[in-house]
Amino acid sequence: VIPEKYVIHTHSLDVIANTLTSRGKINLKNNLKDMDWDWISYKKPGVELGDSIKRSRSHRKRNIFILENHGLIVAADKKHEAIKLQDLILKRIKIEESNCGAFDLKYLTDKINILMSNGIKARLPRNSIIHTLGVNKWSSLLCNLNPLYPDHVVFCGVKPSIIEESNNIIVSANDQNIKYLIIRGKGVVLINECSKATESMLEAQSRIHLRIVEGDIVKSLNRLECNELIDWEAEKYRMKLAKLK
């Protein structure tokens, strides 16, 4: 579909964030107006996405594609040109993260000790920015939406386990399908052998949320789009690989 020798596909946090809101789309148009790029509406990764890119190429031989709720594709016949093009795009559309907010280390440590004493494996995230999912009010609100991009569906599920400070944390953690708990106003606890892949996706989610202006209308994946990813054999295979790491 893309005949150039070098094709780079990335899930840039800045690109994803810019595709989620009307403000972001304006930012893309303004900052990439001298480049020959095309907007690809969300399609399931794989054949459906490939067909959309093929249709775009049939009209004009573009080599830059902004994928809604997904990421970026650039192509060139020389490796250094592809890398240079990608770097230029990412520089132009960069979004600064908003303030994080402070998490409650004592509260979370106490809850982890309680979980561990009840035979439930629990720990803090390695990167403290993940706690913003609980303590940043806007980010916490965004957690109520369906996932914003495919990888989150695959490694974190469709709906997170969000609990209030007063809820029984033991009851929530006893569900073996739950890998993390977002505790409103306090932070995040990882449980039940949460994989590195899931933890990485939580960090990505945190950073994308902090790139979205509070109050903006955000486009998430719909339920059908989420279910297509969950039931897809290719993604089941990726999930299996992630559990081995």
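**Two sheets and a buried strand**

Colleague: I'm new here; in what order do the 4 strands of the sheet with E5 stand?

Modeller: They form an open sheet in the order E5-E8-E7-E6, and the pairing is mixed. Strands here are DSSP runs of E with at least two residues and helices are runs of H or I with at least four, numbered from the N terminus, and two strands pair if DSSP finds at least two bridges between them.

Colleague: And which ones are the edge strands?

Modeller: Those are strand E5 (122–123) and strand E6 (161–163), each of which pairs on one side only. Please keep in mind that this is a predicted model, in which local features need pLDDT of at least 70 and side-chain atom pairs count only at pLDDT 80 or more, while totals for chains, interfaces and linings use all residues. Residues are numbered from 1 along each chain as its sequence is written, and side-chain values use heavy atoms, with hydrogens and water left out.

Colleague: Noted. How many bridges link E7 and E8?

Modeller: Strand E7 (residues 180–183) and strand E8 (residues 187–191) are antiparallel and share 4 bridges, and within this pair Ile182 of E7 stands opposite Val188 in E8.

Colleague: Which helix packs on that sheet?

Modeller: Helix H5 (residues 105–117) does, touching E5, E7 and E8, and its direction makes about 20° with that of E8; contact means heavy atoms within 4.5 Å, and angles run from 0 to 180 degrees between N-to-C directions of axes fitted to C-alpha atoms, for helices over the stretch in contact.

Colleague: Switching to the sheet with E1: what is its strand order?

Modeller: That open sheet of 4 strands runs E1-E4-E3-E2, again with mixed pairing.

Colleague: Why is one side of E1 and of E2 left without a neighbour in the sheet?

Modeller: Strand E1 (6–10) and strand E2 (37–40) stand at the edges and have a single partner strand each, so one side of each has no neighbour in the sheet. Ignoring direction, neighbouring strands of this sheet are turned by 15° against each other on average.

Colleague: Which pairs are parallel or antiparallel?

Modeller: E2 runs parallel to strand E3 (residues 64–67), joined by 4 bridges, with Ile40 opposite Leu67 in E3. E1 and E4 pair in the antiparallel sense over 5 bridges, and E3 and E4 are also antiparallel, with 4 bridges.

Colleague: What stands opposite Ile73, then?

Modeller: Ile73 of E4 has His9 opposite it, and it is also the bridge partner of Phe65. Between E3 and E4 the hairpin has 3 residues, and in this hairpin Asn69 takes a positive phi near 55°.

Colleague: Is E4 buried or exposed?

Modeller: 6 of the 6 residues of E4 are buried, so the strand is largely enclosed by the rest of the structure; buried means under 20% relative accessible area, exposed over 50% and partly exposed in between, with a 1.4 Å probe and protein chains only. Both faces are covered, with Gly71, Ile73 and Ala75 buried on one side and Leu72, Val74 and Ala76 buried on the other.

Colleague: What lies across E4?

Modeller: Helix H4 (residues 79–92) lies across E1, E3 and strand E4 (71–76), and it runs at about 145° to E4.

Colleague: Last topic: where is Leu229?

Modeller: Leu229 lies in helix H11 (residues 223–230), and it counts as buried because its relative accessibility is 0%. Although Leu229 and Lys44 are 185 residues apart along the chain, their C-alpha atoms are separated by 7.6 Å.
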